[in-house]
Amino acid sequence: MSKPETANQQTNEQQLKMERIVSLCKRRGFIFPSSEIYGGTGSVWDYGPFGVLLKNNVKAAWWRAVVQERADMVGLDAAILMHPRVWEASGHVKSFTDPLVDCKQCKQRFRADDLAGDRCPACGGELTEARPFNLMFKTFMGPVENDAAVTYLRPETCQGIFANFKNVLVSSRKKPPFGIAQIGKSFRNEITTGNFTFRSREFEQYEIEYFVPPDEADQWFEYWVEERLKWYTAFGVKRDNLRLREHGEDELAHYASRCSDIEYNFPFGWSELEGIANRQDFDLRQHQEHSGRDLAYFDEATKQRYLPHVIEPSGGVDRSVLAFVVDAYEAIEGGRGSAGAEVESVLRLHPRLAPVKAAVLPLVRRDGMPDRARAIYEELKRHWFVEYDEGGSIGRRYRRQDEIGTPFGVTIDSQTLEDDTVTVRDRDTMEQVRVSADRLVEFLRDKLGEC
């Protein structure tokens, strides 16, 4: 097979994989197009019953790793609507723009820096001159829509941290090096969107702003690059699907001295999951100058006053969720022994991320099995998110749980009624073991870990 044919085959396989993942996400209640009954809203997504559980688990795992398990980190939940001068100080009002061009013939719009030539990629028509397009969503605060009432939906979460730096410093009694962590929604009126949930106009971020003495910034930058990379692999992402890419001098943001991206090998190519940047003292200095407030830290030990430098690990929650799903997804041609199955899908999600930890399944709907299964379900749901399912064949129910990533299936059968043992099936190995019902919680806790 020639190299072009091999490359085309790989592209087609990756495209098919992405199509199957998007289909599974909708069919099994992970992610829906927003406002679909009205034709949808461009690049905005709703998380369904299993999607919201998965997303919450990803956020909880991040929060536990960077806040709960550390003594040098505190949390924050800043408002989405902020004083408009915040965005003047940060530079967003003036320079948070993309170059925009229109096609004179078909009227479609494109980012100029995404185009290889000077003609429309859709129809070949002539393009207008590029003009700056601000990506912030503008709105009005209060009953009057005039210039004095203009405000913005935040395009990033970090400015809420910088604006609250002194409040947190004083109230938490922390001193550099220490960090402030936040999870929250951001909004960008992107010209070019796509690749499912990877790039959308409403998205969620998790960010750390880690404040350090200026002479310690380089070592903390290296520390956070490695720390964040380890987090993804700890929750099941294959190391071969991750890479670090350091920004060159020509692509660094004007405020950053260094920046490294953690990239994931999505079916549509290598793309950024998270960026770790050394923002120096740019943000605190800007807000200090625009607000007139002193944001410096006074070190009692050295009797020095300085503006801390900031290391920022900033990741996309939605991108992380997508990466975890892509990495966990496996399509098995011919199925895993199910009669008539052409392709069976399995999500091998890490147990702490899996939306449902166990499914309780009576083998048949008679002979008292549903009653015993219900009692076991009621016991398990006190500890984890679990499901009860008695509809259809046991094979079909196993397949559904495999598709939503449930690590364990607990089957109640005729032997359960005799000796009160149940069958526990492992999602990944498909091995089945008998466990006494009164030891089931202990058994699952041992397998699931701290879920």
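A charge sits over a ring if NZ of Lys or CZ of Arg is within 6 Å of the ring centre and within 35 degrees of the ring normal. Arg425 meets this rule, lying over the face of Tyr398 at 4.3 Å from the ring centre. Arg374 does so as well, over the face of Tyr388 at 3.9 Å from the ring centre. The structure is a predicted model, in which local features need pLDDT of at least 70 and side-chain atom pairs count only at pLDDT 80 or more, while totals for chains, interfaces and linings use all residues. Residues are numbered from 1 along each chain as its sequence is written, and side-chain values use heavy atoms, with hydrogens and water left out.

The strands come next. Helices (H or I, at least four residues) and strands (E, at least two) are DSSP runs, numbered from the N terminus. Two strands pair if DSSP finds at least two bridges between them. Strands of a sheet pair through backbone hydrogen bonds, either parallel or antiparallel. One open sheet has 5 strands in the order 20-19-21-22-23, with mixed pairing. Its edges are strand 20 (386-388) and strand 23 (432-436), each of which pairs on one side only. From one strand to the next, the twist averages 25° (axes are lines fitted to C-alpha atoms, for helices over the stretch in contact, and angles run from 0 to 180 degrees between N-to-C directions).

Within this sheet, strand 19 (residues 358-362) is a good place to look. Strand 19 is mostly covered, as 5 of its 5 residues are buried (buried means under 20% relative accessible area, exposed over 50%, and partly exposed in between, with a 1.4 Å probe and protein chains only). In a regular strand the side chains alternate between the two faces of the sheet. Here Ala358, Val360 and Pro362 point one way from strand 19, Ala359 and Leu361 point the other way, and all are buried. Strand 19 runs parallel to strand 20, and 3 bridges join the two; Ala358 has Val386 as its bridge partner in strand 20. Strand 19 also runs parallel to strand 21 (residues 408-412), with 5 bridges between them, and there the bridge partner of Ala358 is Phe408. Together, strand 19, helix 10 (residues 369-380) and strand 20 make a right-handed β-α-β unit (a crossover is right-handed if, with the strands pointing away from the viewer, the path from the first strand over the helix to the second runs clockwise).

Further along the sheet, strand 22 (residues 421-426) and strand 23 run antiparallel and are joined by 5 bridges. Val424 stands opposite Val433 in strand 23, and Thr421 stands opposite Ser436 in strand 23. These two strands form a hairpin with 5 residues between them, and Met430 in the turn has a positive phi of about 65°.

Another open sheet has 7 strands in the order 3-9-10-16-13-12-11, again with mixed pairing. Strand 3 (73-75) and strand 11 (242-246) stand at its edges with a single partner strand each, so one side of each is left without a neighbour in the sheet. Neighbouring strands of this sheet are turned by 25° against each other on average, direction ignored. Inside the sheet, 6 bridges join strand 10 to strand 16 (residues 309-316), and the two run antiparallel. Gln205 has Gly316 as its bridge partner in strand 16.

Aromatic rings were also searched. Rings of Phe, Tyr and Trp (its six-membered ring) pair if their centres lie within 6.5 Å; planes under 30 degrees apart count as stacked, over 60 as edge-to-face and the rest as tilted. The whole structure holds 24 aromatic pairs. Among them is the edge-to-face pair of Trp45 and Phe196, with 4.9 Å centre to centre and 80° between the planes. Trp45 lies in strand 2 (residues 45-47) and Phe196 in the loop between strand 9 (178-187) and strand 10 (202-212), so the pair ties together parts that are 151 residues apart in sequence. Trp45 counts as partly exposed because its relative accessibility is 25%, whereas Phe196, at 10%, counts as buried. Elsewhere, Trp62, Trp63, Tyr206, Trp231, Tyr232, Phe235 and Phe324 form one aromatic cluster.

Finally, the cysteines were examined. A disulfide is a pair of cysteine sulfur atoms within 2.5 Å, and by this rule the count comes to 0 disulfides. Cys106 is in no disulfide, and the nearest cysteine sulfur, that of Cys103, is 3.6 Å away. Cys106 counts as partly exposed because its relative accessibility is 29%, while Cys25, at 1%, counts as buried.
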